[in-house]
Amino acid sequence: TGLTCVSRTVTGSTVSVSASSTASGTGSIANSVGGTSCGSVSISLANPVLQSCSLSAASLSVTKGGSNTLTVSCTDNVGGSFTCPTITASVGAGLSGVTKSVSGTTVTVSATSSASGTGLISASAGSVSCGSSSISLAAPVFQSCTSAPASLTVTKGGSSSFTVSCLNNLGNQISCSSVTSSVGTGLTGVT
């Protein structure tokens with residue numbers, strides 16, 4: 001009595017006691033064999049505690065001039081999901097121009113456009129180590145291009161022009177390396 005959401009299972013001479021996440025109260029479990037009392041065992045309930053934590057990826061690619069993120073997950077001592085305590089992170093000495101910031105369980109890794117080196121980012125949840133992820137730095141790459149204006153009027157016998165603009169994967173404008181164009185069907189005398 002005095003315990004709620006607590007159950008027991010008897011297998012041979014072993015009594016297993018289980019408590020749900022909403023278990024409460026204090027009390028004891030009485031035991032007997034063939035009507036003879038074997039005494040009782042006092043039961044106390046404890047909240048789960050942080051057992052381990054991990055990073056969402058073993059490696060992380062960060063574009064120079066940009067950023068990427070990792071997520072920390074925490075597990076309690078009964079194997080359930082656990083609310084992580086304060087997360088701290090550190091960038092290894094082999095990386096230059098790479099910084100980190102932490103918001104909740106998200107670790108953001110940022111690299112300057114001149115970042116260099118190789119190394120690790122490590123994280124901890126409270127006093128528990130979550131391990132590390134290797135950081136690889138990548139140069140920005142071509143992502144998309146647009147033509148402007150979208151329509152153009154060319155006077156017969158004359159010429160006009162439009163501009164092709166290119167963006168990299170960070171959304172920054174870059175020079176377009178090799179623009180090619182073709183005249184669509186339906187136009188004659190246009191080059």
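Trainee: How many of the 191 residues of the protein count as buried?

Mentor: In this predicted model, 17% of the 191 residues count as buried. The cut-off for that word is a relative accessible area under 20%.

Trainee: What makes V15 partly exposed?

Mentor: Set its value against the limits. V15 has 35% relative accessibility, and partly exposed covers the range between under 20% and over 50%. The value falls in that range, so V15 counts as partly exposed. Its place is in strand β2, residues 14-25.

Trainee: Why is V15 also called part of a nonpolar patch?

Mentor: V10, V15 and V17 form that patch on the surface, with about 220 Å² of accessible area together. Patch residues need over 30% relative accessible area, and V15 has 35%, so V15 passes that cut-off.

Trainee: And V41, is it buried or partly exposed?

Mentor: V41 is at 45% relative accessibility. Buried would need a value under 20% and exposed one over 50%, so V41 counts as partly exposed. You will find V41 in strand β4, residues 36-43. V41 and G27 are 14 residues apart in sequence, and their C-alpha atoms are 8.6 Å apart in space.

Trainee: What makes V91 partly exposed?

Mentor: The relative accessible area of V91 is 26%. Because buried means under 20%, V91 is partly exposed instead. V91 sits in strand β8. From V91 to I135 there are 44 residues in sequence and 9.2 Å in space, C-alpha to C-alpha.

Trainee: What does the radius of gyration of the protein say when set against a compact globule?

Mentor: The protein has 32 Å, whereas a compact globule of 191 residues would have a value near 16 Å. The C-alpha trace spans about 115 × 45 × 25 Å along the principal axes.

Trainee: How many helices and strands does the protein have?

Mentor: It has 0 helices and 15 strands.

Trainee: How do you know that β1 and β2 pair?

Mentor: Pairing asks for at least two bridges between two strands. Strand β1, residues 3-11, shares 8 bridges with β2, so the two pair, in the antiparallel sense. One place to look is V6, which stands opposite A19 in β2. These strands form a hairpin with 2 residues between them, and G12 in the turn has a positive phi of about 65 degrees.

Trainee: Why are β6 and β8 called edge strands?

Mentor: They belong to an open sheet of 4 strands in the order β6-β12-β11-β8, with mixed pairing. β6 (59-63) and β8 (87-91) each have a single partner strand, so one side of each is left without a neighbour in the sheet. Neighbouring strands here are turned by 30 degrees against each other on average, direction ignored.

Trainee: What joins β11 to β12 in that sheet?

Mentor: There are 6 bridges between β11 (residues 119-125) and β12 (residues 128-138), and these strands run antiparallel. As one example, A125 has V128 in β12 as its bridge partner.

Trainee: Which strands are at the edges of the sheet with the order β13-β14-β15?

Mentor: That open sheet has 3 strands with antiparallel pairing. Its edge strands are β13 (142-148) and β15 (173-174), each pairing on one side only. β13 is joined to β14 (residues 163-168) by 6 bridges. Pairing needs at least two, so β13 and β14 qualify. In this pair, S144 stands opposite L167 in β14.

Key: Residues are numbered from 1 along each chain as its sequence is written. This is a predicted model: local features need pLDDT of at least 70, side-chain atom pairs count only at pLDDT 80 or more; totals for chains, interfaces and linings use all residues. Side-chain values use heavy atoms; hydrogens and water are left out. Axes are lines fitted to C-alpha atoms, for helices over the stretch in contact, and angles run from 0 to 180 degrees between N-to-C directions. Patches are made of residues with over 30% relative accessible area and no salt bridge: like charges are joined within 9 Å, nonpolar side chains (Val, Leu, Ile, Met, Phe, Trp, Tyr) within 5 Å. Accessible areas come from the Shrake-Rupley method with a 1.4 Å probe; for residues, only the protein chains shown count as cover. A salt bridge is a side-chain nitrogen of Lys or Arg within 4 Å of a carboxyl oxygen of Asp or Glu. Buried means under 20% relative accessible area, exposed over 50%, partly exposed in between (1.4 Å probe, protein chains only). The radius of gyration is taken over C-alpha atoms; the globule rule is 2.2 Å times the number of residues to the power 0.38.
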